[in-house]
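Me: I've got this model open on my screen and would like a close look at one part of it. Could you walk me through the open sheet and whatever sits around it?

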Amino acid sequence: MLKIQNYINGNFHDPLSNEWLDNYCPANGEIYGSLPNSGKEDVDNAYIAAQSAFPGWSQTSLDERSRILIRISKGIEANLDRFAEMESRDNGKPLSLAKTIDIPRAASNFRFFAHAITQFSSESHQSIGQDAVNYTLRQPIGVAGCISPWNLPLYLFTWKIAPAIAAGNCVVAKPSEITPATAYLLGDICNEAGLPKGVLNIVHGVGSTTGQAIIEHSDIKAISFTGGTKTGAHIAKTAAPLFKKLSLELGGKNPNIIFADCDYKDMLETTVKSSFANQGQICLCGSRIFVERTIYDQFKTDFINKVKHLKVGHPSDNKTDIGALVSKSHLEKVLSYIEIAKKHHTILYGGNKVTVDGYENGYYLEPTIIEVDSNDCQLNQEEIFGPVVTMMPFDTEDDVLQMANQVKYGLSTTLWTNNLKRTMRLSNQLQAGIIWVNTWMLRDLRTPFGGMKASGVGREGGFEALRFFTEAKNVCIKY
Ligand code: NAD
């Protein structure tokens, strides 16, 4: 049994209350470990460690910070197999995916911000005619809170921690209670890399106790959160009166818009991935597929044929395309949308639980394609966050633009067309933080990342993240 502990001031601790949560393996539905359900006192101790480390860490040279971050990155890479196995067991995602995407990206996050901090600069303004010069200091905030979800556990956890500490802050971080294991492993890697004690502190537990203690803490000055829109609204409500800086990366219901003039083969292959990668549990998945009517029937046939060949199976089987959903309750939530589809729409493929031999209690579901006849329906308006996509035809550019934007979310859009003018027109008008044209999930870590509308507030990535984790101070000197 894996016993996960809090990582505070460079050491591993049980929760003071001695309250523990069960950790489930989604692939077989069994409990395989436990994790702390930390209380306010544990968060207070994590804060004290972070606050004590801050004066030293914030004065550490950029060169030294960068060197330590690179050593963390190398430590993750050196333990790739161990991290990937842990991530796959905790989350249900195919081991191959954890090995090729999740863990390498976690290492890249540290490497990227190790370099970015050495290139980060601030502005200066010469006030001509007033004999003055203004320059901006970009100073670390102090102690930052970083809270992450279960779908890309270490990938998103480190996407917050790396820029926070690169910028000279100390951190109290909480991974999802559903997928805590790789964050636990990170503690040892940080110690081995020589990260000073207290710079990073990791407390485990549920959102309503541990998470709540972080967002309510009067001296934690910034919260970087990725998770559901409802939780984001609650965090904003709690943190705003305390004047915390807030970055909220929230849910999505992303359109995948397919025009007849696209590169069909490329589009078809990528659409299978953008629909079902990570069991459809990526905030950037294109869960609403809109297809130009002239190719709709062809697409429908070809898409179903491709999806039929996806193998649902145990995450460690290297032939598996679709692993287990993250939890029993999440599987039930996704199934409840399939029940709605049975009543009001047409299920073109899938819709059933899958029993994997030897793992009968695992949380497996067929990739599911549902045909809808209107964008107003619940299935097109609510985030399902599973291996479920809807599809419907459209006739004109204006129609599809209207449907793409007619949703409360605005995270990403995928657009398939070879028409340059249309690309420019739609990219200007689509309400989303990221527009992918003829591709999906192509990421450059320097770009601003985040959503509009109910998909979030603020941007992560590149210098945007370093700006978030620093306070800008203007100094005006008259000469
Ligand atoms: P969630 O909101 O339930 O939980 C996210 C994190 O917040 C967890 O660590 C949880 O313990 C914590 N939390 C819950 N209540 C809290 C509270 N009161 N105070 C402080 N922390 C609290 O989300 P989830 O189910 O883990 O993740 C799935 C959601 O995340 C989906 O909506 C998905 O779209 C979204 N997501 C968004 C992005 C993005 O970049 N925009 C990326 C990945 C996932």
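**The sheet and its surroundings**

Reply: Sure, and keep in mind that this is a predicted model. A good place to start is the pairing of E15 with strand E16 (residues 368–371), which is antiparallel and runs over 3 bridges. Within that pair, look for Ile347, which stands opposite Ile370 in E16.

Now zoom out. The two strands belong to an open sheet of 7 strands with mixed pairing, and the order across it is E15-E16-E17-E14-E13-E19-E20. Its edges are strand E15 (346–349) and strand E20 (434–437), each of which pairs on one side only. Going from strand to neighbouring strand, the average turn is 25°, direction ignored.

Next, the helices. Helix H11 (residues 328–344) lies across E15, E16 and strand E17 (388–394), and runs at about 115° to E15. Helix H13 (residues 397–405) packs on the sheet too, where it touches strand E13 (255–258), strand E14 (288–292) and E17. The direction of H13 makes about 175° with that of E14.

Follow the chain out of E16 and you get to a loop that leads to helix H12 (378–381); Asp373 is found in that loop. Is Asp373 buried or exposed? Asp373 has a relative accessible area of 69%, so it counts as exposed. For a sense of distance, pick Glu192: it is 181 residues from Asp373 along the chain, and their C-alpha atoms are separated by 56 Å.

What about the nonpolar packing? In soluble globular proteins, nonpolar side chains tend to be buried together. Here the largest nonpolar core has 122 residues, and Phe113, Leu186, Leu200 and Phe303 are those with the most contacts inside it. Helix H4 (residues 95–119) gives this core its largest share, 11 residues. At least three residues come from each of domain 1 (2–250 + 455–478) and domain 2 (255–444). A second, separate core has 28 residues, including Cys377, Val400, Leu401 and Ala404.

Since H4 came up, have a look at its partner as well. The axes of helix H2 (residues 62–78) and H4 come within 8 Å and cross at roughly 170°, so the two helices are roughly antiparallel to each other. Among the residues making that contact are Leu62, Leu69 and Ile76 of H2, and Ile103, Phe110 and Phe113 of H4. Phe113 is worth clicking on: leaving aside residues up to four places away in sequence, it touches Leu69, Trp159, Ala162, Pro163, Ala166, Gly461, Gly462, Ala465 and Leu466.

Key
Residues numbered from 1 in each chain as written. Predicted model: local features only at pLDDT ≥ 70, side-chain atom pairs only at ≥ 80, totals over all residues. Heavy atoms only, no water. Pairing = 2+ DSSP bridges. Helix = DSSP H or I, 4+ residues; strand = E, 2+ residues; numbered from the N terminus. Axes fitted to C-alpha atoms, helices over the stretch in contact; angles between N-to-C directions. Contact = heavy atoms within 4.5 Å. Core = buried A, V, L, I, M, F, W, Y, C linked by side-chain atoms within 4.5 Å. Buried < 20%, exposed > 50% of the residue type's maximum accessible area, 1.4 Å probe, protein only. Domains from an automatic or database assignment. Parallel < 35°, antiparallel > 145°, perpendicular 65-115°, else oblique.
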